[in-house]
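Reader: I would like to go through this structure by question and answer. Please show it before we start.

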Amino acid sequence: MVADSARIPVQSISVRRQPAARVAVLGNPNSGKSTLFNRLTGLRQKTGNYPGVTVERHVGRFDHAGESLELIDLPGMFALSAHSLEERVAADIALGRIENEAAPDAILAVVDATHLYQSLALVQQLMELGKPVLLALTMTDAADRAGTLIDIERLSERLGGVPICPVVATTGQGLNRLRDALVDLPGQAPPAAPDVWPELGDAANRLAAELDGTFNRIEIERALIDVDSMFALDVAERLGADGNAKLAAAREAVFGDVPPLAAEAQRRYDWARDVLRDVTQSQPMLASWTNGLARLVNQPWAGTALLFAVMAVVFQAVFAWATPLMDFIDGTTGSLVEATNAWLGDGAFASFVADGIIAGVGSVIIFLPQILILFLFIIVLEDSGFLARSAYLMDRAMRSVGLSGTSIIPMISSFACAVPGIMATRVIPNRRDRIATILAAPFMTCSARLPVYALLISAFVPATKVGVMNLQGLVLFGLYLAGIVGGLATALLLKKTALRGPKPSFALLIPEFRRPNLQTVGLQLLSRARVFLRRAGTVIFAVAVIVWALGYFPRSETIRTNLARDIAAAEQTLAGAALEAEVATLSNVAAARQLEQSYLGRAGKSVQPLFAPLGWDWRVSAAVIASFPAREVVVAVLGTTFALGAEADEDTLSTRLANATHSDGRTLFTLPMVAGLLLFYAFCLQCAATVATIRRETNSWRWPIIAWVYMTAVGYLSALAVYQLGS
Amino acid sequence: MQLSAIKSGLRYVIEAIDCRDPAVQRLMMLGLVQGTEVELGGSALGGDPLEVRVFGNAISLRREQARCFTVAPVASGG
């Protein structure tokens, strides 16, 4: 132990002070909370998970004027009465209900000046928690533009003297004052919360005393109001029959026959409305939202048409814009392979570097431009508020498969990657609807499928024009459609059988359109690029190396001596160019034989009978098996296996695939076989990260196993049907 | 009249709510409570769901829930 601690660098000891005060950052969804959190903590953040729940825990360090605070970024919420998993976590943390996690010492309430009504109702509730509160008023520029003048002094007065800092998070205006106030916050006295419901407070205080202080006033209030919550059930369990009778009597006395949640909302919003009228000098609010774009999108047809047009542009751009960059990466990879071969000559090491590493990893890196363009669009759509609006536009369509519009956001996110898509299902209130959405999301064509599609389409679909569309583009569009149909059919199937339940409800606060924040978009894009490159550098690199080794070893002496003998024989009869051509052919045949008798060849051949009905040879079978941890690996594996034993003039993977044959000389990649292979990749769940995410989000192995078996079966059967009917 | 029948360009005030449906309670948590003024923001294809505006903010809800809110027009101008 002594030796261990001796190795800790001196700097990290001197930084360690007494634990910093913890400040929870709370606010409505879309209030600019995370932007502000990023601004205040910069890159000094870490992301983890709360024990027992799946919601990410964002904690960042805030340093200012020699002081240090710990900021906790919590999911957006409207009230302490949770509706979804995310809201429950936010409420549990604010109330200190999470195990091993003390309640925060102070609260930074983020209030969107354009959504003052909903924000006030939440802030009033947060003030009741008895912690020091600081209010950051965001979007003041947008409120100004809308003609809403907020009397900040009066607002602070109505909120028991809470300090208020107006900020424009995008430009940084007002941030320094906020930083100063934030540093002072933990030492401040808690403000006196506006009393919106004296009867409830009195009843709770009385009950808290009668129950001998087992629970405090706020806890009693929550137990009275959130009748069916986990917390209320927990309280009921801990109270005896007598305590429960008292609780029930108090509930009856305070609420009568009005549902407690409704009564609470009514009280808090009555107060919020009153404050709003008091602190906003002009009241053009009702009409102020009607700017041009919003008005257009509010036309049902125009809005829906715009949604589809945007999606069409996204998928078109993914191909059109990325081509020059991809050609560049492709060229670089090719010349690197050549240079390596020229430099290292023949042998195991040269083959390892050129065919294993450069060809394998390069064939995946080439898709970075496409993936970044796709993510760019999804991030912009999300940040501008367009995704939330699509939930409203698509609610009716989603109802027909038993879900609500809320499920559309995870599904659109899944076009980039199913992992964030599945995590985005946390806002779906009902567990059954959430699981149905989780199982539908991996069917959406994610960015890792793009490399597979792009390779096969560019190799086997002619770039002819069909009307205004390109045939290649049409095939790709069809594959996206196949994914959407597969996902929706799965959701429908589940909602009709295992996950049958009440009709999902739909109630959503839709954020206004706003110009996406460049910094937010840039940071997110950078982090996606990092994730992709890390995957290429670790998982895909490892698989490429393993596949190369399995394909290179063992080397057969017989094949080598036979090759040497055949070349010697050729040298006797031929000369010049003819000799060179003959030697090249002989070398390739030998390389192909080596590959066939390698470990990879043997493994591929042993599973090949399973895939023979799909028209796959052992090389394709081996590549598909190798790509179950991460589907884009198939491109790397095909790149490696078809690089070994390739003809000299086949410089691209596409041409190598096009010329590949079965052992009996039949063309390997026939149209039905390629179509089947594409469908296999459209449906199959070849992604360890997605399986792990489903496990984490559903808290059981049941759903990831069901998803994997089901999707693999759908993929296999589709490929089988297409190949057998087509051939 | 019911919230599901409101016309655009006019302002209404919520007078009564049938709040047994949990989805209606959720809408109340978003600010659709008695005494609040609303106006029609728009609707999706087929007229469902609706988008209503409360103090300028868009809240989306289905017709089914909108029928639980009783509203009355208020004098325009405000």
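Reader: In which loop is P554(A) found?

Author: This is a predicted model. P554(A) is joined to F553(A) by a cis peptide bond, with omega about -10 degrees. The place of P554(A) in chain A is the loop between α26 and α27 (557-573).

Reader: Which peptide bond of chain B is cis?

Author: The proline concerned lies in the loop between β2 (37-43) and β3 (50-54) of chain B. Omega is near -5 degrees for this bond, which runs from D48(B) to P49(B).

Reader: At roughly what angle do the axes of α26(A) and α29(A) cross?

Author: Helix α26 covers residues 518-552 of chain A and helix α29 covers residues 599-611. The two helices are roughly perpendicular to each other, a term that applies to angles of 65 to 115 degrees. Their axes come within 5 Å and cross at roughly 95 degrees.

Reader: How many nonpolar residues does the contact of α26(A) with α29(A) have?

Author: From α26(A) come V547(A), L550(A) and G551(A), and they meet Y599(A), L600(A) and A603(A) in α29(A). By class, the contact has no charged residues and 1 polar residue; the nonpolar residues number 5.

Reader: Which residues of α30(A) are buried?

Author: Helix α30 of chain A spans residues 618-626, and 8 of its 9 residues are buried, so the helix is largely enclosed by the rest of the structure. The buried residues are W618(A), R619(A), V620(A), S621(A), A622(A), A623(A), V624(A) and A626(A).

Reader: Is M139(A) buried or exposed?

Author: M139(A) sits in the loop between β6 (133-138) and α6 (140-145) of chain A. Its phi is positive, about 60 degrees, although M139(A) is not a glycine. The cut-off for burial is 20 or more other C-beta atoms within 10 Å. M139(A) has 26 C-beta neighbours inside 10 Å, so it counts as buried.

Reader: What does N30(A) count as, with 19 C-beta neighbours inside 10 Å?

Author: N30(A) is a residue other than glycine with a positive phi, near 60 degrees. It lies in the loop between β1 (21-27) and α3 (33-41) of chain A. Burial needs 20 or more neighbours. Because N30(A) has 19, it counts as partly exposed.

Reader: Which helix gives the most residues to the largest nonpolar core?

Author: The core holds 221 residues, and those that touch the most other members are V25(A), L26(A), A109(A), A136(A) and M28(B). Beyond its neighbours within four places in sequence, L26(A) is in contact with residues including L74(A), M77(A), A90(A), I107(A) and L126(A). With 10 residues, the helix that gives the most to the largest nonpolar core, the one of 221 residues, is α33 (residues 671-683) of chain A.

Reader: What share of the residues of chain A count as buried?

Author: Chain A has 35 helices and 10 strands, and its C-alpha trace spans about 105 × 65 × 55 Å along the principal axes. Among contacts in chain A with a separation of 6 or more, 72% join residues 24 or more positions apart. Of its 727 residues, the share that count as buried is 43%.

Reader: Which element supplies the largest share of the side of chain A that touches chain B?

Author: In the contact between the chains, 37 residues of chain A meet 37 residues of chain B. Elements of chain A that each supply at least two residues include α5 (116-127), α13 (260-279), α16 (300-320) and β10 (507-510). By class, this side of chain A has 22 nonpolar, 11 polar and 4 charged residues. Its largest share, 8 residues, comes from α13(A).

Reader: Over how many bridges do β10(A) and β4(B) pair?

Author: In this pairing between chains, A507(A) stands opposite L61(B), and L508(A) stands opposite S60(B). β4 covers residues 57-61 of chain B, and the two strands pair in the antiparallel sense over 4 bridges.

Reader: Which residues of β4(B) are buried on each of its two faces?

Author: Within chain B, 5 bridges join β4(B) to the antiparallel β3(B), and R53(B) stands opposite A58(B). β3(B) and β4(B) form a hairpin with 2 residues between them, and F55(B) in the turn has a positive phi of about 50 degrees. In β4(B), 5 of its 5 residues are buried. One side has N57(B), I59(B) and L61(B), and the other has A58(B) and S60(B).

Technical notes:
Residues numbered from 1 in each chain as written. Chains lettered and ligands numbered in written order. Predicted model: local features only at pLDDT ≥ 70, side-chain atom pairs only at ≥ 80, totals over all residues. Contact = placed C-beta atoms within 7 Å. Nonpolar A, V, L, I, M, F, W, Y, C, P; charged D, E, K, R; others polar. Pairing = 2+ DSSP bridges. Core = buried A, V, L, I, M, F, W, Y, C linked by C-beta atoms within 7 Å. Buried ≥ 20, exposed ≤ 12 C-beta atoms within 10 Å, placed from the backbone. Axes fitted to C-alpha atoms, helices over the stretch in contact; angles between N-to-C directions. Parallel < 35°, antiparallel > 145°, perpendicular 65-115°, else oblique.
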